[in-house]
Amino acid sequence: MEYIELICPCHFGLEAVLKREILDLGYEISRVENGKVTFLGDWEAVCYANIFLRTAERVMIKVGEFTARTYDELFEGTKALDWERFIPADGRFWVAKATSINSKLFSPSDIQSIMKKAMVERLKRIYHIEWFDEKGADFPLRVTIMKDVVTVALDTTGVSLHKRGYRQLTAKAPITETLAAALIMLTPWHADRILVDPFCGSGTFPIEAALMAANIAPGLERSFLAENWKHLIPRKLWYGAAEDARERVDLSVETDIQGYDLDGEVVKAARENARKAGVEKLIHFQQRPVSELSHPKKYGFIITNPPYGERLEEKEQLPVLYRQIGEAFGRLDSWSEYVITSYDKAETYIGRKADRNRKIYNGMLKTYFYSFLGDKPPRRSK
């Protein structure tokens with residue numbers, strides 16, 4: 001069995017969540033770094049990781065790693081990698097993205113150009129051809145240079161994994177599906193507990209929670225770039241992983257997942273997104289302001305992404321809004337509340353010091369995931 005090293009990028013600060021997901025799939029972790037987790041697997045692992053991982057941004061095959069402080073070293077290091085192991089003679093290959101941090105080489109366009117030339121030089125010699133038609137499958141590369149260490153990886157995913165395919169309609173300042181899933185997984189919530197998002201927007205938190213509750217793999221209804229790599233990954237491996245995912249689905253699960261928003265059109269969009277995700281029967285959406293938030297039962301969860309006030313006119317409204325959030329929390333008996341926001345006075349106006357505060361980067365925006373912990377429910381008798 002041929003083993004490969006796979007790299008999965010994720011949101012900074014959420015590496016432990018992704019690591020746990022990969023371990024749950026049965027694969028061995030080789031490295032955990034800022035914003036990515038590397039693990040060992042076979043070609044089937046490419047299929048399972050793409051279909052099942054909820055918190056990874058994409059799945060990449062590590063081609064190699066070397067040190068380069070000059071463009072000559074970059075060229076020779078790239079040329080020395082065994083590209084023919086992955087890319088056939090008719091493959092279309094290019095450096096889709098180059099990132100450099102604290103390194104001598106910093107120009108993305110120069111890095112991309114030189115690495116492409118080096119790949120062509122090697123493959124010309126291997127395949128005994130002078131011209132590449134590149135009419136076959138796509139093989140985009142993603143390259144990171146960190147402190148002069150070049151990590152080269154082939155992207156198997158294509159469109160980022162946060163594009164589940166259900167969110168056709170979005171609200172203002174949406175949270176990505178991968179980030180929403182990771183934040184839910186940071187909490188003790190599970191399918192038999194109440195979950196409410198009073199600022200549901202396009203419905204991402206409730207929908208991701210419902211997908212988890214029904215055990216629906218996030219990549220089940222979408223396609224991946226590496227499905228065209230038939231010389232590496234037989235179609236039967238993709239079919240097998242997808243069939244395994246379908247057999248795990250349980251839409252009969254009973255849930256109490258709710259999403260509220262002040263904007264009626266946004267609520268309609270959230271319902272449509274839930275329908276596309278196949279979980280509309282598991283979520284109750286309603287037009288309702290946070291000031292009217294209530295629930296008769298104990299021990300529920302609030303997981304939400306309230307307005308941050310990125311625009312000046314919105315920022316002026318935040319003290320009143322966050323006071324309303326705090327008052328709503330106060331009416332919920334024994335509930336736990338989890339809030340992601342970049343608003344630095346969130347705790348002040350909510351009126352309570354968070355029990356935990358985790359720094360998370362939502363793209364380039366630094367946010368905080370505040371945990372306000374409620375009482376734990378009594379243990380159930382066996």
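This passage describes a strand, a set of aromatic contacts, a pocket and a helix in a predicted model.

Residues are numbered from 1 along each chain as its sequence is written, and side-chain values use heavy atoms, with hydrogens and water left out. Because the model is predicted, local features need pLDDT of at least 70 and side-chain atom pairs count only at pLDDT 80 or more, while totals for chains, interfaces and linings use all residues.

A good place to start is strand β8, residues 194–197. Helices (H or I, at least four residues) and strands (E, at least two) are DSSP runs, numbered from the N terminus. Ile194 and Val196 on one side of β8, and Leu195 and Asp197 on the other, are all buried, leaving both faces covered. Here buried means under 20% relative accessible area, exposed over 50%, and partly exposed in between, with a 1.4 Å probe and protein chains only. Strand β8 has parallel partners in β9 (residues 256–261), through four bridges, and in β11 (residues 301–304), through two bridges; two strands count as paired if DSSP finds at least two bridges between them. Val196 takes part in both pairings, with Gln258 as its bridge partner in β9 and Ile302 as its bridge partner in β11.

Aromatic contacts come next. The whole structure holds 13 aromatic pairs, where rings of Phe, Tyr and Trp (its six-membered ring) pair if their centres lie within 6.5 Å, and planes under 30 degrees apart count as stacked, over 60 as edge-to-face and the rest as tilted. Phe93 and Phe132 make an edge-to-face pair, with 5.8 Å between centres and 85 degrees between planes. Since Phe93 belongs to strand β5 (residues 92–101) and Phe132 to the loop between α4 (108–127) and β6 (138–146), this pair ties together parts 39 residues apart in sequence. Both Phe93 and Phe132 are buried. The rings of Phe301 and Tyr338 are stacked, because their planes meet at 10 degrees, with centres 6.1 Å apart. Phe301 lies in β11 and Tyr338 in strand β12 (residues 336–341), so here the parts tied together are 37 residues apart in sequence. Phe301 and Tyr338 are both buried. Elsewhere, ring pairs link Phe329, Tyr368, Tyr370 and Phe372 into a cluster.

Charged groups also meet aromatic faces. Lys116 lies over the face of Phe93, 4.0 Å from the ring centre, and Arg288 lies over that of Tyr260, at 4.4 Å. The criterion is that NZ of Lys or CZ of Arg is within 6 Å of the ring centre and within 35 degrees of the ring normal.

The largest pocket encloses about 1200 Å³ of space. On a 1 Å grid over the protein atoms alone, a pocket is an open set of points where a 1.4 Å probe fits, with protein on both sides within 12 Å along at least five of seven lines; lining residues have an atom within 4 Å of a point. Of the 29 lining residues, Pro9, Phe12, Asn34, Gly35 and Thr144 are the closest to the pocket centre. Strands β1 (4–9), β2 (28–33), β4 (60–67), β5, β6 and β7 (149–155) each supply at least two residues of this lining.

Finally, helix α6 spans residues 204–213 and includes Leu211. Leu211 counts as buried because its relative accessibility is 4%. The C-alpha atoms of Leu211 and Ala181 are 9.4 Å apart, although 30 residues separate the two in sequence. The helix as a whole is mostly covered, with ten of its ten residues buried. After α6 comes Asn215, with a positive phi near 60 degrees.

Methods: Grid points are joined across faces, edges and corners, and a volume is the space filled by probe spheres set on the points.
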